[in-house]
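Dear colleague,

I am handing over the structure below, and after it you will find my notes on what was found. Please read them with the model open beside you.

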Amino acid sequence: MKHAPSPVPLVAPRLTRRCGANQLTLVASLAMALCGSSACTAVVQSGPLSSRPAQGNQVFLSTGAAPRPYQTLGFVQATGFGNQVAGVLDVGDAQIDGTIKGALVNAAIKMGGNGVINIEFLDENPQTPAERAGDLADSLKTNSQGKREVKTRWRSVHAKGEVIRFL
Amino acid sequence: MKTSYRSSFFKAAAVAVCLSLSACTIVNTATLPTDPNLHAPFVTTGDIQGPYQSLGLIQVTRKGHLLFGFVDIVGTDIQTGFNETLMPEIRRLNGDGIINVRFHQTQVLPVTQVVQAIFFVIPFLWTEVTITGEVVKLAPGGTVQPVLQQG
């Protein structure tokens, strides 16, 4: 018995193509909207450094000069490496606070100093909300083999400064 | 013989064109409000003398793509970085200004922009601007006095 050819196969590819085009337009519009808003902006922030005049006996930390006479002991440069997993989880030491208040301060103490001045820092690859959302979506998506691949990104934060000892 | 001369001439011309396209200077500027009535946060690449309270380090980054090689949709230039992102962040932190500012903007050769305009289907011209600094709050009655460099 021969069945009449169903019209569905003729229509379906057209529908699929249209859906694909619509999805593409939707994704493109969403990307444009995200980029148009603040989604393409990454803001990285740390806790406060030393105020001026300095208070307490903590190691003096500043992006500027020293508030009183000092002796230069040397220079320090530190890089905190880490990974961002699926756009939501930061693993490792790639944070400004950890790199400056941890690595730089420890190095200064080891050198016999009690301050680090003229600190410069840079988060090498800060992730925008759009990039984080993209990584999360990629991690949740299954590939052609039906498996999920969690997307990770290499992260690094550099910091350097001049180690000093107040006179 | 004639063909050889013509070939050499075209080679030399091609080299000259390539060299002229690759030799250029790109300048980017940003202007800051100077009217005191605007009460805009102060911005300096140097230090200040007066007492202040540190509110923390900040890094702002704007990432985008030059559509058709020339259209900067997101605004990845220094001016937009300062006006649209850094200034609001300083105000959000309740700071009076930012000191020891460092900045960097991606600079693209015009020839690369033209190539992107031609091959606009393949996006490769990604640009970004990054600004870093220390947000501070001046002590009561404090003013911004820059530290003078001794030369």
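**An exposed glutamine in chain A**

Gln77(A) counts as exposed because 12 other C-beta atoms lie within 10 Å of its own; a residue is called exposed at 12 or fewer such atoms, buried at 20 or more, and partly exposed in between, with C-beta atoms placed from the backbone. Gln77(A) sits in strand β3 of chain A, which covers residues 70–85, and it lies 15 Å from Gly113(A), C-alpha to C-alpha, with their positions 36 residues apart in sequence. Strands here are DSSP runs of E with at least two residues, and helices are runs of H or I with at least four, both numbered from the N terminus.

**How far to trust the model**

This is a predicted model, in which local features need pLDDT of at least 70 and side-chain atom pairs count only at pLDDT 80 or more, whereas totals for chains, interfaces and linings use all residues. Residues are numbered from 1 along each chain as its sequence is written, while chains are lettered from A and ligands numbered from 1 in the order in which they are written. For chain A the mean pLDDT (the predictor's confidence in each residue, from 0 to 100) is 80, and 77% of its residues reach 70 or more. Among the elements of chain A, the mean is lowest, at 49, in helix α1 (residues 8–36) and highest, at 94, in strand β2 (residues 60–61). Over residues 1–19 of chain A the pLDDT is below 50, and this stretch has zero contacts beyond near neighbours in sequence; a contact means two C-beta atoms, placed from the backbone, within 7 Å.

**Chain B**

Chain B has three helices and five strands, which follow one another along the sequence as α-β-β-β-α-β-α-β. Of its 151 residues, 27% are buried, and among its contacts between residues at least 6 apart in sequence, 83% join residues at least 24 apart.

**Where the chains meet**

Chain A gives 26 residues to the contact and chain B gives 25. On the side of chain A, the elements that contribute two or more residues are α1, β1 (41–45) and β5 (115–123), and β1(A) provides the largest share, five residues. β1(A) also pairs with strand β2 (residues 52–67) of chain B in the antiparallel sense over five bridges, pairing being assigned if DSSP finds at least two bridges between two strands. Within that pairing, Val43(A) has Val60(B) as its bridge partner in β2(B).

With best regards
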